[in-house]
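Here is a short note to help you find your way around this model. Please keep the structure open beside the text as you read.

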Amino acid sequence: MGKPTGFMDYKRKVSKAAEPKERIRNFNEFHEHLPREEQQLQGARCMECGVPFCQAGMDICGMTSGCPLHNLVPEWNDLVYMGNWEQAYNRLKKTNSFPEFTSRVCPALCEAACTCGLNGEPVATKENEYAIIENAYAQGYAKAQPPRVRTGKRVAVVGSGPAGLAVADQLNKRGHSVTVYERSDRIGGLLMYGIPNMKLDKKIVERKVKMMEEEGVAFITGADVGKDVKAETLLKDYHRVVLACGASNPRDITVPGRDAKGIYFAVDFLKANTKSLLDSGLEDGKYIGTKDKNVVIIGGGDTGNDCVGTVLRHGCKSVIQIEMMPKAPDSRAENNPWPEWPKVCKTDYGQEEAIAVFGHDPRIYESTVKEFVKDKNGSLKAVKIVKLVWEKEEKTGRMVRKEAAGSEQTLPAEIVLIAAGFLGSQKYVADAFRAELNERTNVKTAAGGYETSVKNVFVAGDMHRGQSLVVWAIREGREAARAVDESLMGYSNLMVQ
């Protein structure tokens, strides 16, 4: 421990975000990060406590506390403070395949479990991670390292999101020949088209994919396995197949007027926007325009917030975000103690921007859509919503949500974006391989395992566990890679944690 009193000597400092009204003028990342010297002082704040909850990644009361990748957080925080940036990178890469992604999009479960945060502010671990990986690229530490020996084993990975890329990265390092099949026109899956550019610049994704190509991973785009590419072909041409297609089946809203023109799934909206941005700088017009339109977003999670930020950048007339759940408290409740994940209200970047532009929080809590109202041409013109209340059922005694009488409200809307989560994977891929699904429509495996009901076919990521975080997808990919390696070689030396 380089600085025993660091957590008392230095205050927490993080990158400075551009002002909301300034940053919505473009789709660029908008944080100005600390100079290296100041970032090193942030590393000094780490207490290197005897029980580092930051790297535990354990389940407490149904929520994850600490990093699911079990990142060696105290080690590389101390190395940052000592100025040993190369060794910090080596320790970070031991457990995390893609710190360039997690340092941008992870909600920082490590910081929520930081001991410093019990009675003060947590260590700026996410910012330290960003500094380590970007410094590594700048200094040349992060470079292609192709395996010296090839095993002669061939593996196909279906899907190039964070789970699929983690599988490919690990198995290629082991010396297996890996080919990744992606149905879209670009590699990255959720990282490319599910997360907007201002949150994760696509040059960062392309930089990592290029490095993986230099290391020997093959990528095939425009290959829709189960449709354009037959499952039988992959099973014949490869020793193992890994399915990592995500939980891409969006939850719909089935109320009167659902067929109105102007209603889109958030995933389609975000993909069209990013694709147009990358293809032509939005000049081709092949995106869902929201300029001067009233927009209603259904769903209060990260995807809903990303939609808020995106429609603001297009110049919407207004934006409202509908949430079914009540507003979380502004600070930890007594029944939600550290090191549990803090169930507190978070105002994310999109909501901050909406407040700056329109003067109020865009979220309406404890509400649901009752009807989509169409004009005479079948286009959306308004959304009827209703408040929800909890009531006890007489027969069962259970608390259930019901509509509050007389609480209907009509919101003007020409565009609705449905960001209500996902119901599981699109099952045509699993069907093509004849892989069994569980009751949640995820691909079925033995508990704690990754091999499907089909011999030599494995699964990882959201397609296996359901909709989750990028950091969980990476962990799943690393663990699935180890399982594949063991099945091919009889043992594995791949690092999982």
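1. A good place to begin is the hairpin of strand 13 and strand 14, where five residues lie between the strands and Gly-378 takes a positive phi near 85°. The two strands, residues 367-374 and residues 380-392, run antiparallel and are joined by seven bridges. Ser-367 has Lys-387 of strand 14 as its bridge partner. Strands here are DSSP runs of E with at least two residues, helices are runs of H or I with at least four, and both are numbered from the N terminus. Two strands count as paired if DSSP finds at least two bridges between them.

2. Before going further, a word on the source: this is a predicted model, in which local features need pLDDT of at least 70 and side-chain atom pairs count only at pLDDT 80 or more, while totals for chains, interfaces and linings use all residues. Residues are numbered from 1 along each chain as its sequence is written, and side-chain values use heavy atoms, with hydrogens and water left out.

3. Strand 14 has other partners too. Strand 15 (residues 399-403) runs antiparallel to strand 14, with five bridges between them, and Trp-390 is matched with Arg-401 in strand 15. Their hairpin has six residues between the strands, and Gly-397 in the turn shows a positive phi of about 80°. Strand 14 also pairs with strand 16 (residues 409-412), again antiparallel, over four bridges; there Val-383 stands opposite Leu-411.

4. Now look for an open sheet of five strands, paired in parallel in the order 7-6-5-8-18. Strand 7 (218-220) and strand 18 (457-459) are at the edges with a single partner strand each, so one side of each has no neighbour in the sheet. From one strand to the next the twist averages 20° (axes are lines fitted to C-alpha atoms, for helices over the stretch in contact, and angles between N-to-C directions run from 0 to 180 degrees). At one edge, strand 8 (residues 240-243) and strand 18 share three bridges, and Leu-243 is the partner of Val-459.

5. Which residues of helix 14 are buried? They are Ala-266, Phe-269, Leu-270, Ala-272, Asn-273, Thr-274 and Ser-276, where buried means under 20% relative accessible area, exposed over 50% and partly exposed in between (1.4 Å probe, protein chains only). These buried residues pack against helix 11 (190-194), helix 12 (202-214), strand 9 (263-265), helix 15 (302-313) and strand 17 (415-418), with contact meaning heavy atoms within 4.5 Å.

6. Some backbone details deserve a look. Gly-281, with a positive phi near 65°, follows helix 14. Leu-282 is a residue other than glycine that has a positive phi, near 70°; Leu-282 sits in the loop between helix 14 and strand 10 (294-298) and is buried, at 17% relative accessible area. Glu-48, also not a glycine, has a positive phi of about 45°, and is partly exposed at 28%. The loop holding Glu-48 lies between helix 3 (36-44) and strand 3 (58-60).

7. Finally, please check the peptide bond from Trp-338 to Pro-339, which is cis with omega near 5°. Pro-339 belongs to the loop between strand 11 (318-322) and helix 16 (349-358).
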